[in-house]
Amino acid sequence: MSVSLAQAQAIVQRALEAAAAQSVKIAAVVLDMGGHIVAAARMDGVGALNLDVARRKANAVVNLGVSTAEMLQMTSRDPLITTVLHAEPSIVMLPGGLPIREGEQLTGALGVAGAFYPQDQAIGEYAVAPP
């Protein structure tokens with residue numbers, strides 16, 4: 001099961017609203033379990049690179065099953081994992097990648113980029129929380 005278009009669009013919209021409330025500009029991308037974009041948006045004035053960074057944060061979550069913040073905690077304890085994950089160009093290991101779940105099942109991922117990474121993480125957490 002993968003995140004639906006309606007769910008993905010709602011998550012992206014919540015991310016944009018949370019960013020606007022904090023007066024920051026972001027890009028947000030939702031991927032399905034195949035790593036394909038379901039919904040994405042880039043606020044006015046946000047560089048195009050941020051859209052790719054958001055996609056790569058979400059891709060890390062789809063492939064590893066945990067948030068990018070959790071991945072950073074794991075890698076801080078294991079230099080080998082750090083080397084391997086940082087060498088993979090399809091993922092970005094910065095906070096702002098969040099799992100999307102239905103119950104316990106992973107259905108997709110959200111990536112947020114463009115603000116300072118703790119803000120990306122907080123915006124993402126808000127966006128994927130049940131409405």
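This passage describes the nonpolar cores, the main pocket, several individual residues and an aromatic pair in a predicted model.

The packing of nonpolar side chains makes a convenient starting point. In soluble globular proteins, nonpolar side chains tend to be buried together. Here the largest nonpolar core has 22 residues, and Ile26, Val30, Leu110 and Ile123 are the ones that touch the most other members. Two or more residues come from each of α1, β1, β4 and α5 (117–128), with α1 giving the largest share of this core, seven residues. There is also a second, separate core of 15 residues, which includes Val29, Val61, Ile91 and Ala113.

Leu110 deserves a closer look. Neighbours within four places in sequence aside, the residues in contact with Leu110 include Ala28, Val29 and Val30, together with Gly96, Gly97 and Leu98. Further contacts of Leu110 are made with Ile11, Ala58, Ile100, Gly124, Ala127 and Val128.

Ala19 offers a view from helix α1, where this residue is placed. Ala19 counts as buried because its relative accessibility is 0%, below the 20% limit for that class. Beyond four places in sequence, Ala19 touches Val24, Ile26, Met43 and Ile123; two of these partners, Ile26 and Ile123, are also among the core members that touch the most others. By contrast with these contacts, Glu88 lies 69 residues from Ala19 in sequence and 28 Å from it in space, C-alpha to C-alpha.

Thr107 gives a view from strand β4 (residues 105–113). With a relative accessible area of 1%, Thr107 is buried too. Its contacts, not counting residues up to four places away in sequence, are with Met1, Ser2 and Val3, with Asp32 and Met33, and with Ile100, Arg101 and Glu102.

Two of those partners, Ile100 and Arg101, reappear in the largest pocket, where they lie nearest the centre along with Gln7, Ile11 and Val128. This pocket has a volume of about 150 Å³ and a lining of 13 residues. Both α1 (5–21) and β3 (97–102) supply at least two residues of that lining. Sorted by class, the lining has eight nonpolar residues, two polar ones and three charged ones.

Attention now turns to the loop between α1 and β1, which holds Gln22 as well as Ser23. Gln22 is partly exposed, since its relative accessibility is 35%. Leaving out neighbours within four places in sequence, Gln22 is in contact with Gln119 and Ile123. Gln22 and Ala115 are 9.8 Å apart in space, C-alpha to C-alpha, with their positions 93 residues apart in sequence. For Ser23, a relative accessibility of 67% means that the residue counts as exposed. The backbone of Ser23 also merits a note: its phi is near 60 degrees, a positive value in a residue other than glycine.

Finally, a search of the whole structure for aromatic pairs finds one. The partners are Phe116 and Tyr117, with ring centres 4.9 Å apart and planes at 40 degrees, a tilted arrangement. The label follows from the angle, because planes under 30 degrees apart count as stacked and those over 60 as edge-to-face, with the rest called tilted. As for accessibility, Phe116 is exposed, at a relative accessible area of 54%, whereas Tyr117 is partly exposed, at 38%.

Terms used:
Residues numbered from 1 in each chain as written. Predicted model: local features only at pLDDT ≥ 70, side-chain atom pairs only at ≥ 80, totals over all residues. Heavy atoms only, no water. 1 Å grid on protein atoms, 1.4 Å probe; cavity = no way out; pocket = protein on both sides within 12 Å on 5 of 7 lines; lining within 4 Å. Points joined across faces, edges and corners; volume = space filled by probe spheres on them. Helix = DSSP H or I, 4+ residues; strand = E, 2+ residues; numbered from the N terminus. Nonpolar A, V, L, I, M, F, W, Y, C, P; charged D, E, K, R; others polar. Buried < 20%, exposed > 50% of the residue type's maximum accessible area, 1.4 Å probe, protein only. Phe/Tyr/Trp six-rings, centres within 6.5 Å; stacked < 30°, edge-to-face > 60°. Contact = heavy atoms within 4.5 Å. Core = buried A, V, L, I, M, F, W, Y, C linked by side-chain atoms within 4.5 Å.
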